[in-house]
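Here are my comments on the model you asked me to look over, set out point by point so that each can be checked against the coordinates.

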Amino acid sequence: MALLEAMRVSALTLALFVAAGEALGATTMESIGAEKCGGRVSAFEVEFLAPETAPVEATAKALVRGAPSPAQDSVTLMVDGKPCTDARCAFQARKGETYKLAAATKLRSFEELCVVVARP
């Protein structure tokens with residue numbers, strides 16, 4: 001019984017370690033003009049570390065066969081917890097600041113959910 005209990009504790013510890021590692025490995029982009037995709041997920045978060053002070057526009061899109069889905073109204077984007085209109089947010093990025101971009105979709109048929117940060 002003691003061996004079985006020790007195995008359970010070890011398995012739980014390993015699971016928590018793996019989960020913590022995934023949480024620490026957040027996706028980051030550090031260039032204007034960058035695109036990051038999370039695969040076929042209904043929600044995807046990216047941290048954007050601004051390389052310079054500049055006006056930028058963040059957008060979210062769901063890709064179907066390599067092109068943006070025609071149902072883009074089913075994609076949403078938030079920047080630092082604030083919702084964007086039509087999955088598109090324009091803002092003034094400040095060099096060295098980190099911005100949290102969160103995309104989500106209700107689509108059932110798509111290949112990738114992506115976030116893009118570019119100049120307007």
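The points below go from the overall make-up to the sheet, the pocket and one residue of its lining.

1. The coordinates are those of a predicted model, and every value in this note should be read with that in mind. The protein has one helix and ten strands, and along the sequence the helix comes before the strands, in the pattern α-β-β-β-β-β-β-β-β-β-β.

2. On burial and surface, 28% of the 120 residues of the protein count as buried, while the accessible surface comes to about 7,800 Å², with 56% of that area belonging to carbon and sulfur atoms. As for the contacts, if one takes those between residues at least 6 apart in sequence, 70% of them join residues at least 24 apart.

3. Five of the strands make up an open sheet, in which the order is 1-3-9-6-7 and the pairing is mixed. Strand 1 (28-29) and strand 7 (82-83) are at the edges of this sheet, and because each has a single partner strand, one side of each is left without a neighbour in the sheet.

4. The edge at strand 1 deserves a closer look in the viewer. Strand 1 and strand 3 (residues 43-49) run parallel and are joined by two bridges, and across this pair Thr-28 stands opposite Glu-47 of strand 3. As general background, strands of a sheet pair through backbone hydrogen bonds, which may be of the parallel or the antiparallel kind.

5. Which residues line the largest pocket? Its volume is about 160 Å³, and the lining consists of Thr-59, Ala-60, Lys-61, Pro-68, Gln-72, Asp-73, Asp-86, Ala-87, Arg-88 and Val-116. Strand 4 (residues 54-64) supplies the largest share of this lining, namely three residues. Sorted by class, the lining holds four nonpolar, two polar and four charged residues.

6. Thr-59 ties several of these points together, since this residue is found in strand 4 and is also among the residues that line the largest pocket. Is Thr-59 buried or exposed? Its relative accessibility is 14%, and Thr-59 therefore counts as buried, the cut-off for that class being under 20%.

7. Finally, the surroundings of Thr-59 can be listed. With neighbours within four places in sequence left aside, Thr-59 is in contact with Leu-77, Ala-87, Arg-88, Cys-114, Val-115 and Val-116. Among these partners, Ala-87, Arg-88 and Val-116 also appear in the lining of the largest pocket.

Technical notes: Residues numbered from 1 in each chain as written. Predicted model: local features only at pLDDT ≥ 70, side-chain atom pairs only at ≥ 80, totals over all residues. Heavy atoms only, no water. Pairing = 2+ DSSP bridges. Helix = DSSP H or I, 4+ residues; strand = E, 2+ residues; numbered from the N terminus. 1 Å grid on protein atoms, 1.4 Å probe; cavity = no way out; pocket = protein on both sides within 12 Å on 5 of 7 lines; lining within 4 Å. Points joined across faces, edges and corners; volume = space filled by probe spheres on them. Nonpolar A, V, L, I, M, F, W, Y, C, P; charged D, E, K, R; others polar. Buried < 20%, exposed > 50% of the residue type's maximum accessible area, 1.4 Å probe, protein only. Contact = heavy atoms within 4.5 Å. Areas by Shrake-Rupley, 256 points an atom, 1.4 Å probe, with all protein chains shown as cover.
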